[in-house]
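These are my notebook entries on helix packing, a few loop positions and one strand residue. Each entry records what I looked up and what I found.

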Amino acid sequence: MATGVAVFDYAFWATIYPEFSNIVEAQADECFNLATLYLDNTPISAVPLTNAAGQPVRIRILGMLTAQVAQLMYGSTIQPISPLVGRVSNAAEGSVSVATELNAPVSAAWFTQTRYGMMAWQAMAPYRIARYVPPPCNVWQPWVR
């Protein structure tokens, strides 16, 4: 890994997500690049590279997001690409009818489209917290000029 940056390893990712064997390395690399739009992959990211036990955190979540993007863009060997957005809320068989809805919170809506996105959303929960940064303390010292 470069300093503070998770590096994509196609061979490892393809082993963890074998359902994407229909995707070539160049496509997976681009899916990873798109995943970094959803999760900051810079040294100042809110998501650390590793946890306290030294286990990788950011690359695992980026792997999930890469799978999310791959599923949405290319489909997989177990589920073809779908033109539907959101979860299926109603389906009928006679004269075929399907209704979808995206009723998740706005920030979670994109993530709820696949299981990979939902896993990433849950994994990022500890890092979606407000951080209070107090303003600089100006101490008035009348005896100092």
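**Entry 1: Ile-78**

I began with the contacts of Ile-78: leaving aside residues up to four places away in sequence, Ile-78 touches Glu-19 and Arg-115. The model I am reading is a predicted one. I located Ile-78 in the loop between α3 and β1. Is Ile-78 buried or exposed? Its relative accessibility is 58%, so I entered Ile-78 as exposed, the cut-off being over 50%. I also looked up a C-alpha separation for this residue: Ile-78 and Pro-135 are 57 residues apart along the chain, and their C-alpha atoms are separated by 52 Å.

**Entry 2: the buried side of α2**

I next turned to helix α2, which spans residues 25–35, and listed its buried residues as Ala-28, Cys-31, Phe-32 and Ala-35. Why do the buried residues line one face of the helix? Viewed down the axis of α2, they fall within an arc of 100°, and therefore they share one face. The general rule I noted beside this is that an α-helix has 3.6 residues a turn, so residues three or four places apart point the same way. I then asked what covers the buried residues of α2. The cover includes α1 (10–16) and α3 (58–74).

**Entry 3: α2 against α3**

I looked up the packing geometry of this pair. The angle between α2 and α3 is about 115°, and their axes are 8 Å apart. I therefore recorded α2 as roughly perpendicular to α3. The crossing of α2 and α3 is right-handed. On the α2 side, the contact is made by Gln-27, Ala-28, Cys-31, Phe-32, Leu-34 and Ala-35. On the α3 side, the residues making the contact are Ile-59, Leu-62, Leu-65, Thr-66, Val-69, Ala-70, Met-73 and Tyr-74. Sorted by class, the contact of α2 with α3 holds 12 nonpolar and 2 polar residues, with no charged ones.

**Entry 4: α3 against α4**

I repeated the lookup for α3 and helix α4, which covers residues 115–123. The two pack at an angle of about 150°, with their axes 8 Å apart. This angle is over 145, so I entered α3 as roughly antiparallel to α4. The crossing of α3 and α4 is left-handed. The contact is made by Ile-61, Met-64, Leu-65, Ala-67, Gln-68 and Gln-71 of α3, together with Tyr-116, Gly-117, Met-119, Ala-120 and Ala-123 of α4. By class I recorded 8 nonpolar, 3 polar and no charged residues in the contact of α3 with α4.

**Entry 5: the two sides of α4**

Which residues of α4 are buried? I found Tyr-116, Gly-117, Ala-120 and Trp-121. Around the axis they cover an arc of only 135°, which means that they lie on the same side of α4. The buried residues of α4 pack against α3. On the face turned away from the buried side of α4, I noted the exposed residues Arg-115 and Gln-122.

**Entry 6: Thr-114**

I then checked Thr-114, whose place is in the loop between β2 (97–101) and α4. Thr-114 is buried, with a relative accessible area of 11%. Not counting residues up to four places away in sequence, Thr-114 touches Gln-68, Gln-71 and Leu-72. Thr-114 and Ala-67 lie 47 residues apart along the chain, and I read a C-alpha separation of 9.1 Å for them.

**Entry 7: the loop between β1 and β2**

I looked here for positive phi values in residues other than glycine. Ser-95 is found in the loop between β1 (87–92) and β2, and its phi is near 65°. Val-96 lies in the loop between β1 and β2 as well, and its phi is about 35°. Ser-95 is exposed, with a relative accessible area of 72%. Val-96 counts as exposed at 66% relative accessibility.

**Entry 8: Val-88**

My last lookup was Val-88, which lies in strand β1. Val-88 is partly exposed, its relative accessible area being 44%. Which residues does Val-88 touch, not counting residues up to four places away in sequence? I listed Val-98, Ala-99 and Thr-100. Val-88 and Glu-101 are 13 residues apart in sequence and 6.6 Å apart in space, C-alpha to C-alpha.

Note on methods
Residues are numbered from 1 along each chain as its sequence is written. This is a predicted model: local features need pLDDT of at least 70, side-chain atom pairs count only at pLDDT 80 or more; totals for chains, interfaces and linings use all residues. Side-chain values use heavy atoms; hydrogens and water are left out. Buried means under 20% relative accessible area, exposed over 50%, partly exposed in between (1.4 Å probe, protein chains only). Helices (H or I, at least four residues) and strands (E, at least two) are DSSP runs, numbered from the N terminus. The arc is that of the directions from the helix axis to the C-beta atoms. Contact means heavy atoms within 4.5 Å. Axes are lines fitted to C-alpha atoms, for helices over the stretch in contact, and angles run from 0 to 180 degrees between N-to-C directions. Angles under 35 degrees count as roughly parallel, over 145 as roughly antiparallel, 65 to 115 as roughly perpendicular and the rest as oblique. A crossing is left-handed if the near helix is turned anticlockwise from the far one by less than a right angle, and right-handed if clockwise. Ala, Val, Leu, Ile, Met, Phe, Trp, Tyr, Cys and Pro count as nonpolar, Asp, Glu, Lys and Arg as charged, and the others, Gly among them, as polar.
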